[in-house]
Amino acid sequence: MFEWIRRIAGFLVLQSLGKTLLPSRKYEVYYQTFTGILLAMMIAAPILEAGGLDQLVLSAAERIQSEWDLREGGMEERIDDWEGIQEDQLEEILEEQAVQKMEEIARESQAVMTKCQLTWEDVRQGTLKNAYVELDHPSGQSREACEEMFRRQFLRLFSDAILEIHWE
C-alpha cells in the first residue's frame with residue numbers, strides 16, 4: 001500500500017514538472033488529459049488486482065486487439081485493391097489527356113493522327129515511356145516538315161519518351 005502511494009506521489013511530481021516544460025499553453029489540455037488517464041490507471045491497478053479483474057481486463061484487451069488485427073488485415077487487402085483500381089483509372093485519364101494533346105499537336109503540324117498507342121513508364125508520376133503514332137498528311141506541306149514540327153512539340157511535352165511515327 002505504501003509503495004502504491006509513493007508511486008502516485010512520484011507520478012504527480014513528474015506530472016507537474018512535465019507541465020512546466022510544455023512549449024505552449026495550447027498543449028496543456030492534451031497533456032492533462034493524457035496524464036489524467038495514466039493517473040487513473042495507476043490508481044485502479046491495485047483495486048483491479050485485488051478483485052482479480054486485472055486478468056479479465058487484460059483478456060478483453062487482447063481480444064479487442066486480435067479482432068482489430070483481423071480487421072486491419074482485411075483493410076490492407078481492400079486498400080491494395082483500391083490502389084489498383086485508382087492506378088487503372090489514372091492510366092485511362094492520362095492516356096485520354098495525352099491522346100487529346102497529341103491530336104492537337106498533329107493539327108498544329110498540319111497532319112491528322114489516325115492511331116496512337118502509349119506505354120507508360122510510371123503512371124503515378126505521369127511518365128510516358130514511348131508513343132506509337134500514325135499520321136495522315138492531307139496538307140500541301142511536306143511529310144518531313146510535318147514530322148519535324150510534330151516531333152518538336154511532342155518532345156516539349158514528353159521529353160523522355162520515345163516517339164515512333166508512321167505515315168499512312
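Two strands pair if DSSP finds at least two bridges between them. I am writing that at the top of my page, since the first entries are about strands. A reminder to myself: this is a predicted model.

**Entry 1: the hairpin**

I began with strand β1, residues 112-122, and strand β2, residues 127-136. They pair in the antiparallel sense, and there are 9 bridges along the pairing. To see who faces whom, I picked T119 and found it opposite N130 in β2. Then I tried D122, whose bridge partner in β2 is T127. The two strands form a hairpin with 4 residues between them. In that turn I looked up G126, and its phi is positive, about 70°.

**Entry 2: the whole sheet**

Next I asked myself: in what order do the strands of the sheet lie? The order is β1-β2-β3, so I noted 3 strands in an open sheet with mixed pairing. β1 and β3 (162-167) are the edge strands, each pairing on one side only. Neighbouring strands here are turned by 10° against each other on average, with direction ignored. A helix also packs on this sheet: α4, residues 143-157, touches β2 and β3. The direction of α4 makes about 155° with that of β3. As a textbook reminder, strands of a sheet pair through backbone hydrogen bonds, either parallel or antiparallel.

**Entry 3: the nonpolar core**

I then went looking for the largest nonpolar core, which has 23 residues. Which of them touch the most other members? They are M102, L135, F150 and F154. At least two core residues come from each of α3 (53-108), β1, β2, α4 and β3. α3 gives the most, with 5 residues.

I followed F154 a little further. Leaving aside residues up to four places away in sequence, F154 touches M102, I105, L128, A131, A161 and L163.

**Entry 4: a serine in a loop**

My last stop was S109, in the loop between α3 and β1. Is S109 buried or exposed? Its relative accessible area is 0%, and buried means under 20%, so S109 is buried. I wanted to know what surrounds it, again not counting residues up to four places away in sequence. The contacts of S109 are Q141, C146, M149, F150 and Q153. With F150 I found a polar detail too: its backbone nitrogen lies 3.2 Å from a polar atom of the S109 side chain. I had already met F150 in the core, among the residues that touch the most other members.

Definitions and conventions: Residues are numbered from 1 along each chain as its sequence is written. This is a predicted model: local features need pLDDT of at least 70, side-chain atom pairs count only at pLDDT 80 or more; totals for chains, interfaces and linings use all residues. Side-chain values use heavy atoms; hydrogens and water are left out. Axes are lines fitted to C-alpha atoms, for helices over the stretch in contact, and angles run from 0 to 180 degrees between N-to-C directions. Contact means heavy atoms within 4.5 Å. A nonpolar core is a set of buried Ala, Val, Leu, Ile, Met, Phe, Trp, Tyr and Cys residues joined through side-chain atoms within 4.5 Å. Buried means under 20% relative accessible area, exposed over 50%, partly exposed in between (1.4 Å probe, protein chains only). A polar contact is a pair of N or O atoms within 3.5 Å; within protein, one must be able to donate a hydrogen and the other to accept it, and residues adjacent in sequence count only if both atoms are side-chain atoms.
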